[in-house]
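Subject: Structure handover and notes

Hello,

Here is the structure for you to load. My notes follow below it.

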Amino acid sequence: MIHTTVGVIGHVSVCTAFVASLLAAYGYIQSQHRTAVERQSWMVFARRAFYLHSAAVLSVIISLFYIIYNHYYEYHYAWDHSSNNLPVHFMISCFWEGQEGSFLLWIFWHVLIGLVLMHTAKTWEADVMTVFALVQAFLVSMILGVVLVGEWKIGSSPFMLLREARPNDPIFQINPNFVPSDGSGLNPLLQNYWMVIHPPTLFLGFAGTLVPFAYAIAALRTGRYKEWIALSLPWMHATALVLGLGIMMGAYWAYETLNFGGYWNWDPVENAVYVPWLLLVASTHVMIVVQRSNTALKTAFVLVIATFLSILYATFLTRSGILGNASVHSFTDLGLSGQLMVYLLAFLAISVFYLARAWKKIPTSQEEISIYSREFWIFVGATTLCLAGFQVIVPTSIPVYNKLLELFGIQSNLAPPADQVAFYTKFQLWFGVAIALLSGTGQFFFWKTINSKTVGQAFTLPLTITMLLAAVVMVGAKINNWKHVILLTAGIYSIVANGFILSKLIKARTWRLSAGAVAHIGVAMMLLGILASAGYSKVISLNTTGLLYNRQFSEEMNKNHLLLFLHQPQRMKDYILTYKGTRLTSRDFPGYIDRNALQPTGTPWLMVAKEDLTYKGKTYFTKGDTINVYHQNTYYEIEYKKANGRTFTLYPRIQFNEQMGSGGLVPSPDISRWIDRDLYTHITNIPDPEQERKWSKPEKFVLSVGDTFIVNDYVAIFDDVRRGQPIDDEDINVFARIRILDRNQYYEAKPAYLIKGQMVRKIPYVNMDIGVKLLIDEIRPQENAFVIQASTTQKDWIILKAIEMPLINLLWTGTLLVAIGFGIAAYRRYKDINRKMRAPNLAQEPLQSTQKAG
């Protein structure tokens, strides 16, 4: 049965949201050119249109999630992104895995922010909401899915039926009403809690950049060139906080999910969100300068507009398909590249038009900025941030240059950097040094009156402390790379200098003014964390045997990776490692499940318990129960034991993921965390699951009950023989009980011998982990003996790589401090505006802060 009603509701809601956003924009535009009475009428019309738009967007969201939640696989979006065995929280991730869903998430955040602005923007409402409504119209058009002529269409609808998306599939030629029983599923790499919260956070940051942009365009149109600064600053700080957190959530997801041994790979999609954040922070600093004078007001307009346009450009880069194979994160082209380009060019044209028209009217300061002024150092810092962003976006855009040249018939040989990490790091390191030095120096000029006579006195103590601390760290950590020495010294200087300012502000009980110092300390800690974890990470999984694992392996694999056989302890630096076998997980079981305790069924995610499954004394499944498992992830239990007897266990995994390369096997690390370092472990090689095992020539043992024999280096004890229940109406069914002893456990083998008439059937016991196959080959009643046939193969093994990441917690702690700093600043700016809004006649009064900026 095809559930068309919910799809119709969703599609009608999309069309309604699109039309309503245009009506809201029209109403707000009309209100700007009318008398007071008519203005009020048009404002009411525009507000109602935006309310209708908001309701329609909510209806679209409910309809799409209803389709996903109820597994309506007749819809392409549900089939492409969801499956039957996904828990609810990952169904939420399904919602924004695809292009249409992520656009819808972006639209949703704009709706919420727009509703807030409708009630707080006061005299700015009409101008600001005009921009908001127009942006919403463009965004909603991305999911409109309306065909114009032939192949020309506006947007890609999330409510398209599967048969409409894949009309050439043979099944739909036979049965147009065919509905799959299951979907393709969410990409296993995205089945992670960070992917539930990272995209909404990131898109809230995207949405936040629209507010200052809308205020800037409104200011250019109305001639209120300075009042918009104070109104925008709280949104700027809040957006920098949210977007920064969103970016670092993505970095943390990469750190604990991907296997490149880090958190930032300078992938084009990573760069595309990093650059807008740099421009956003630069804009914020320039706006702080503007609040105190007309200096750099034009620059503030340009940077705020550039920040929003860079978000649109990032959207074009990641969703147009232009990056191709240059990024593992980019979306495939859904035919939206032309529409995205129109979106970008339209708002670029609007911005250029209003900037050009008002450029000569924007107030400027003729006063020369002194090198000893706070304005000079803030402006230099903002310039550095912009240059850092420029250095990243230019090479990231190489695929765009190539595409443009192709349009003119020119074949370009430009290619993105082969080693992205090395290329970007060699430039960004020096921008990091400059930012650390400027953030420390600028704070002194911001909070102190410094001139040519007092400059030496002001910096003597912090510089002395910096040099002492840097020397101690260099000697203690054995840092001798001159580039690292400079970055280390700059980072310590920033912490010391900002620490001086922060301590004075705390003593003066003016914590609301501490935002800058807190955020700058956070940035410096992030730089030191990156220096330590990336520059001084250490591979400890060295092959000390002197033997090659395999001549076909790379030199790096044979040298820096450790081979572990099942239950065979192996030394690695200060640890004794023991590989204990493969494990699975289930949403209905709190721990890891031994794979040998489960019997596969015809359905990959359904298995049968071969024994009772307990966790911390509680039995969750009894023998014979069916269990729903996450079959795409296989975990490898590795016990680490230190010399002092302390042990801990890591569970790195290998994921079967058809959506990725490398044969579909994608390793993900597990991490042991301490205050001073992380131990990062991931699997790099396993026996080929598709390759058939080669068994040894069978060896026969004539055994009586109680006899002992050796098989594949294990001691085996022939305990007894018992009669079993007939499997298939046999006359006789007997099975042997043989214990195979390991170091801390044993395996119980039960090969069976079935007799029916003159026919004999032998059912072997096979354990691939220890590489043993046993069967009862012959029964000799007269001798009271049994002939046990044994074959062996290579024991289960893994090869892993383990890396120590020193002081990486400095990076995460610094991230939190940066967020706290922006949070303090946003709170203070909001309180300033709220205080002024209660003052009489403020609607007509310019908003300027009278306090020092934070």
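Which side chain does D127 meet in a salt bridge? The partner is R224, at 3.9 Å, N to O. A salt bridge here is a side-chain nitrogen of Lys or Arg within 4 Å of a carboxyl oxygen of Asp or Glu.

Ground rules before the rest. This is a predicted model, so local features need pLDDT of at least 70 and side-chain atom pairs count only at pLDDT 80 or more, while totals for chains, interfaces and linings use all residues. Residues are numbered from 1 along each chain as its sequence is written, and side-chain values use heavy atoms, with hydrogens and water left out.

**Salt bridges**

The structure holds 22 salt bridges. Back to D127 and R224: D127 lies in helix α6 (residues 125-141) and R224 in the loop between α10 (210-222) and α11, so the pair ties together parts 97 residues apart in sequence. Helices (H or I, at least four residues) and strands (E, at least two) are DSSP runs, numbered from the N terminus. Both D127 and R224 are buried. Buried means under 20% relative accessible area, exposed over 50%, and partly exposed in between (1.4 Å probe, protein chains only).

D777 forms a salt bridge with K700, with the closest N and O atoms 3.2 Å apart. This pair links distant parts of the chain: D777 is in strand β27 (residues 772-780) and K700 in strand β19 (residues 699-703), 77 residues apart. D777 is buried, at 15% relative accessible area. K700 counts as exposed, at 54%.

D676 and R677 also meet through their side chains in a salt bridge, at 3.2 Å, N to O. D676 counts as partly exposed because its relative accessibility is 39%. There is a network too: salt bridges link D720, R722, R737, E748 and K750.

**Nonpolar cores**

A nonpolar core is a set of buried Ala, Val, Leu, Ile, Met, Phe, Trp, Tyr and Cys residues joined through side-chain atoms within 4.5 Å. The largest has 157 residues, and W228 and F301 touch the most other members. Helix α11 (residues 227-257) gives the most to this core, with 15 residues. Another core lies apart from it, with 43 residues, among them Y579, I638, F718 and V772.

Contact means heavy atoms within 4.5 Å. Leaving out residues up to four places away in sequence, W228 touches W124, P212, Y215, A216, A219, M287, L297, A300, F301 and V304.

**Helix α11**

How many of the 31 residues of α11 are buried? The count is 27, so α11 is largely enclosed by the rest of the structure. The expected span of a helix is 1.5 Å times one less than its number of residues. For α11 that gives 45 Å, and its end C-alpha atoms are 46 Å apart, which agrees. There is still a kink of about 35° at L233, shortly before the proline P234. The bend at a residue is the angle between axes fitted to the seven residues ending there and the seven starting there.

**S21 and H53**

S21 is found in helix α1 (residues 4-31). H53 is in helix α2 (residues 36-69). They are 32 residues apart along the chain, and their C-alpha atoms are separated by 5.8 Å. S21 is buried, with a relative accessible area of 0%. H53 is buried as well, at 0%.

Leaving aside neighbours within four places in sequence, S21 touches H53, A133, Q136 and A137. On that basis H53 is in contact with A17, A20, S21, V111, Q136 and V140.

**Helix α16**

The buried residues of helix α16 (residues 398-407) are I398, P399, V400 and N402. They pack against α13 (297-319) and α15 (374-396). Just after α16, G409 takes a positive phi of about 75°.

**Strands β22 and β23**

Two strands pair if DSSP finds at least two bridges between them. Four bridges join strand β22 (residues 732-741) to β23, and the two run antiparallel. A hairpin connects them through four residues. L741 stands opposite Y746 in β23.

Side chains alternate along β23 (residues 746-749). Y747 and A749 point to one face and are buried. Y746 and E748 point to the other and are not. E748 also belongs to the salt-bridge network with D720, R722, R737 and K750.

Best wishes
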